Each structure stands twice: as C-alpha cells, then as structure tokens.
Amino acid sequence: MGTVVQFVGTRRVEVVETADQPLEPGSVRVATLYSGISAGTELTAYRGTNPYLTRTWDEQRRLFVPGDAAPRYPMAGWGYSEVGVVREVSSDVAGQPGVPAVDDVVWGIWGHRSEAVVPAAKLTGHTIPPGLDPLAATFARVGAVALNAVLAAELHLGEVAVVFGQGVIGLLATRLATLSGARVLACDAIPARLEKATEFRAVAAVDVRTASPAELARSITEGRGADVALELSGNHLALHEAIRSVAVGGRVVAAGFYQGDGIGLRLGEEFHHNRVELVCSQIGGPPPRLAGRWDQERMNRTFLTLAAEGMVDPVALVTHRVRVPEGVAAAYELLDRRPGEALQVVLDYTED
C-alpha cells in the first residue's frame, strides 16, 4: 500500500492509503524520496481560491467560463516537485535512450505520492545531474518558474531589477537575475526573507512596510527608475508598486498567481503616464520571442545544471522536512497561517 495527499475541502488535507498500481507498458515505477509543497499554486487549492474551483476552463477557446467547475474536492495528488528512485522499468522501454534505469534518481511531476507509475516519456532525460543533492532536484519546476520570469525580463548587464516577493520563487529569481548581470533590489515584508535575499546577492533588501521600492529605485538610478521589475508575490498592491518602480518604457514581468479582484492596481497612474510594458510569465510556455529555442524541459534542466555547478543553492531554502503522514496537515497550516516561519517545506519519504 502507498499513500497520497489530497485536499478534501477548504483548508482540509488528508493522507490516504492507495492500492499498488500495476506497471503498465511504456512506464516506470518510482518510489518518492522528496516532494516539495508549492506555497503558491497549491495553497490556492488548499484555501479554495483557485479559479478552477469556481469556473470552467475552456481549453479550446482558452477562456474561463461559467459552468460546473472541475476539479472538485477531494483533489488528490497535487504537487509538482518530486524526486524519487526508479524501482522498476517496463521491458518494452528499458534500455531506450534517455529512459532511466532501475536505481536511478529522477525528478518529475507525479504529485505527493509515496510511489507512482509514470509514463517513461515523462521521465526521459530526467536523471538528476551527477553530484546533485536529490533534495535540490525538488526545485526543478519552481526553479524553471523563476528562470522563465527572468528570461521574460530580458535583462542586460548592468541593469537594475526590482524583485517583488522573496518567497522561494522570488529568491530564486533574485539569484538568477544577479547571475544575468543585474543589480537587484529585493522586496518583501518578512525580515528573514530579506536577509536570505542578500545572501542570494541582492544589492539591497527593501522592507515594503517601511520603504518605497519605487523611491529607492529612483534614488540609485539618478531619478530614472529601474529597468525591469519582476512581481512574484501574487499581490495586486505589489504589482502596482512594481509598475511604479520602473522607468519610462520600463518592463514589468507579472509572474505571480493573482487571486480575486485587482484591488489597489491603479492603471491610470504610472502605468499610463510612463508607458510601462506589462508582460505575463507563466510556466506553460517560454517568452514568445524565445519559443524557438527554449521550452519547459530546457528551463528545468538549465536550473538543475546551475544548481549542480554551485551557481545557485536551492537547498538553502529548505526550512522544513516533514514526515508523511504525521506532519502533512501541520505543514499546510504553517504555510497558510504563518508564512514568515517557512520557505520551502518538503515532504520527506526517505525512511520509506
């Protein structure tokens, strides 16, 4: 018997037993080592604010429309940051190029499950780089989210970037932006996150409770404003301040998962008068101008390569490793109610 984490209602999470899955043709059986909890997308499902719970997504027309929402509670297997050990490979794909072998450590997406049968095609080329801590590989997806935002920013050497939100993805974006040659102002309201941002090479950590990022950006750029702002908190007020922070014709990358109405976003002010360019970054695809050269797989692998080479240290962001099933409910409550006490929370299956 295995286990799977599922949401059974608003702010209600359970761990339930599951029957063993048969190994189907063209598939791989993986025993999970670690599974990272997303403090963004997952919490919208946990809190009941995810738009998929209230509206229907019309895939063909790419529109949310009124109608019976799906999925409904219970929702099983959320999670997109898994690392595990291959235990079995279907004979029809064993030995094929890129298909992992038994005992290989792989990264991928199979949800918060103790074990999963995954199509081999989804794990092709997903063996973790040599020397990389398996715990670091749980950041493949969130690292790609951060990298996607930095690519969308089109940063240039010596430019000033303001990064709003220093949670896990924001901190990774801060580090990746500095690696791209930018001088980064890191913004948040949680002191521990701002301290971590300076460790990730931000030139300034801005506590938004007491200082204005827009004013600071102008003070260090001779009044011009930042070249780029990246908004990763998902807060509409932060998006408004990001717009205020950039120069005339500056670019704002909106990469947060915004919930509800845009209270506090006043588009008739700096956005209008400074002709600010506002672009969306979402992990479903790379920036359009890079689509011929970049895709999700390249972003995932690029981030893991940077981690393996020591250019970025995602393991430093892990604040909690919790056992399944006993620590799961408390882990979600922590992220939901006391976000200042945690960064990356990881479900730990290693004793299994």
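This section describes the overall dimensions, one parallel sheet and the salt bridges of a predicted model.

The protein chain contains 10 helices and 17 strands. Its radius of gyration is 21 Å. A compact globule of 352 residues would have a value near 20 Å, so the two agree. Along the principal axes, the C-alpha atoms of the protein chain occupy a box of roughly 65 × 45 × 40 Å. Of the 352 residues, 51% are buried. The exposed surface of the protein chain comes to about 16,000 Å². Carbon and sulfur atoms contribute 51% of that area. Contacts were also sorted by sequence separation. Among contacts in the protein chain with a separation of 6 or more, 67% join residues 24 or more positions apart.

An open sheet of 6 strands was examined next. The strand order is 12-11-10-13-14-15, and the pairing is parallel. Strand 12 (204-207) and strand 15 (277-280) form the edges. Each of these edge strands pairs on one side only. From one strand to the next, the twist averages 20 degrees. Strands of a sheet pair through backbone hydrogen bonds, in either a parallel or an antiparallel sense. Strand 13 (residues 226-231) and strand 14 (residues 246-254) adopt the parallel sense, with 5 bridges between them. Val228 has Arg251 of strand 14 as its bridge partner.

Two helices lie across strands of this sheet. Helix 3 (residues 140-153) lies across strand 13 and strand 14. Its direction makes an angle of about 155 degrees with strand 14. Helix 7 (residues 236-245) lies across strand 10 (160-164), strand 13, strand 14 and strand 15. Relative to strand 14, helix 7 runs at about 150 degrees. Strand 13 and strand 14 are thus crossed by helix 3 and by helix 7.

Charged side chains were then considered. Side chains of opposite charge can pair when their charged atoms come close. The structure holds 22 salt bridges. One of them joins the side chains of Arg47 and Asp336, with an N to O distance of 2.6 Å. Arg47 belongs to helix 1 (residues 41-47) and Asp336 to helix 10 (residues 328-337), so this pair ties together parts that are 289 residues apart in sequence. The two partners fall into separate accessibility classes. Arg47 has 30% relative accessibility and counts as partly exposed, because that value lies between the 20% and 50% limits. Asp336 counts as buried because its relative accessibility is 9%, under the 20% limit. Both residues also belong to a network of salt bridges that links Arg11, Arg47, Asp336 and Arg337.

A second salt bridge joins the side chains of Asp207 and Arg209, again with an N to O distance of 2.6 Å. Asp207 is buried, at a relative accessible area of 16%. Arg209 has a relative accessible area of 55% and is therefore exposed. Residue 207 also closes the range of edge strand 12 (204-207). The side chains of Arg338 and Glu341 form a further salt bridge, at 3.1 Å from N to O. Arg338 has a relative accessibility of 37%, so it counts as partly exposed.

Definitions and conventions. Residues numbered from 1 in each chain as written. Predicted model: local features only at pLDDT ≥ 70, side-chain atom pairs only at ≥ 80, totals over all residues. Heavy atoms only, no water. Pairing = 2+ DSSP bridges. Helix = DSSP H or I, 4+ residues; strand = E, 2+ residues; numbered from the N terminus. Axes fitted to C-alpha atoms, helices over the stretch in contact; angles between N-to-C directions. Contact = heavy atoms within 4.5 Å. Salt bridge = Lys/Arg side-chain N within 4 Å of Asp/Glu carboxyl O. Buried < 20%, exposed > 50% of the residue type's maximum accessible area, 1.4 Å probe, protein only. Rg over C-alpha atoms; globule rule 2.2 N^0.38 Å. Areas by Shrake-Rupley, 256 points an atom, 1.4 Å probe, with all protein chains shown as cover.
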